[in-house]
Amino acid sequence: MTDAQYTTLPQWPHAYPASGASATLKSLNEDFIVTELPLQLPSGAGEHLWLDIEKNGANTAFVAQQLAEAAGVNEWDVGYAGLKDRYAITRQWFSLYLPKGETPDLTLLQHPEFKVLSQSRHMKKLRPGDLQGNRFRIVLREVTGDRHAIEANLKAVASHGVPNYFGAQRFGHDGGNVEQGRAMLAREIRVRNPKKKGIYLSAVRSFVFNEVLGLRIQQGLWGKTLPGDVMDEAGQPTGPLWGRGRVSTTDQAQALENGVAERHATLCDGMEHAGLDQERRALVASPGDMTWEWLQADELVLTFSLPAGNYATSVLNEILHTTEPDRHTENEPAPVE
């Protein structure tokens, strides 16, 4: 891949030896259960109505549209902390701005793809990122391969975490959002839609982070720190989310990050001029309370939790290769785990 075009995503390296095993993911919606871990629960008073919702086969944006219609408010008055996958059973909070009048009982709302479990008033609107993380229960079916190799990787992941790559869904179908972002930053195309512009910038920024992380693993630096690394609160090294200002690393860590930036100069220069500020993201994602169980010889169940912004696919990719039923739709919003 050159800095001229980004028409395919690279195969970023794994932290652990490949198990050679494979499995089917999301054969059924109930094979992928996600429970949002909120930052706070509603207080019982305020101008916003918070709804605890379970959805099955619907994406988050669709549910938000349905809630706005049912409550008689504008879509921008509906808040949520994160996008959740359509092909799953997910539980998450939504908020509705309803400062006046009687409170509608939305637990009575009937819809085949979601149900309102409870509702309560709160002072603030839910905004993107307002969550601690997510809890996952994942059923892998048609598992083939060496069970001992799978177990070895499961134990390694539980003990040492996984590369905190941004998931493929961040980059759009076949990685197309990165090339669109490059063309936008190079002023080859003009993107007027603010939402699309944000998606493309996010894809480009995530791509550069993954490139830094992938290079470190390629150089044998997984589980190690470099002189000049910036550490997070958990004592783990971090990578750059590119933007204005100098990278905060020094020495060898800075040289590595600047080397990646030079290879992707169009992306990094463009992000600086797009008004993004330098931020940092942990290079390691550590699944919490991770357990696994073999229901049958070819059926494996995993449970674990991840902080906000971490991807369950990054955990699965270090254990075995997964495939999903082919059901891509062009306008499907990408879930943010």
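So, for what follows, Ala, Val, Leu, Ile, Met, Phe, Trp, Tyr, Cys and Pro count as nonpolar, Asp, Glu, Lys and Arg as charged, and the others, Gly among them, as polar. This is a predicted model, where local features need pLDDT of at least 70, side-chain atom pairs count only at pLDDT 80 or more, and totals for chains, interfaces and linings use all residues. Residues are numbered from 1 along each chain as its sequence is written, and side-chain values use heavy atoms, with hydrogens and water left out.

Okay, helix H2. It runs over residues 147-160, so 14 residues, with helices being DSSP runs of H or I, at least four residues, numbered from the N terminus. From first C-alpha to last it reaches 20 Å, close to the 20 Å expected at 1.5 Å a residue, where the expected span is 1.5 Å times one less than the number of residues.

At the N-terminal end, Asp 146 is the cap: one of its side-chain oxygens sits 2.9 Å from the backbone nitrogen of His 148. After H2 comes Gly 161, with a positive phi near 80°.

Which residues of H2 are buried? Ile 150, Glu 151, Asn 153, Leu 154, Ala 156 and Val 157, and buried means under 20% relative accessible area with a 1.4 Å probe, protein chains only. In general, an α-helix has 3.6 residues a turn, so residues three or four places apart point the same way.

Last one, Asn 59, in the loop between strand S3 (48-56) and helix H1 (60-71). Asn 59 is buried too, at 13% relative accessible area, and its side chain reaches the backbone nitrogen of Phe 62 at 2.8 Å.

Conventions. Helices (H or I, at least four residues) and strands (E, at least two) are DSSP runs, numbered from the N terminus. Buried means under 20% relative accessible area, exposed over 50%, partly exposed in between (1.4 Å probe, protein chains only). A polar contact is a pair of N or O atoms within 3.5 Å; within protein, one must be able to donate a hydrogen and the other to accept it, and residues adjacent in sequence count only if both atoms are side-chain atoms.
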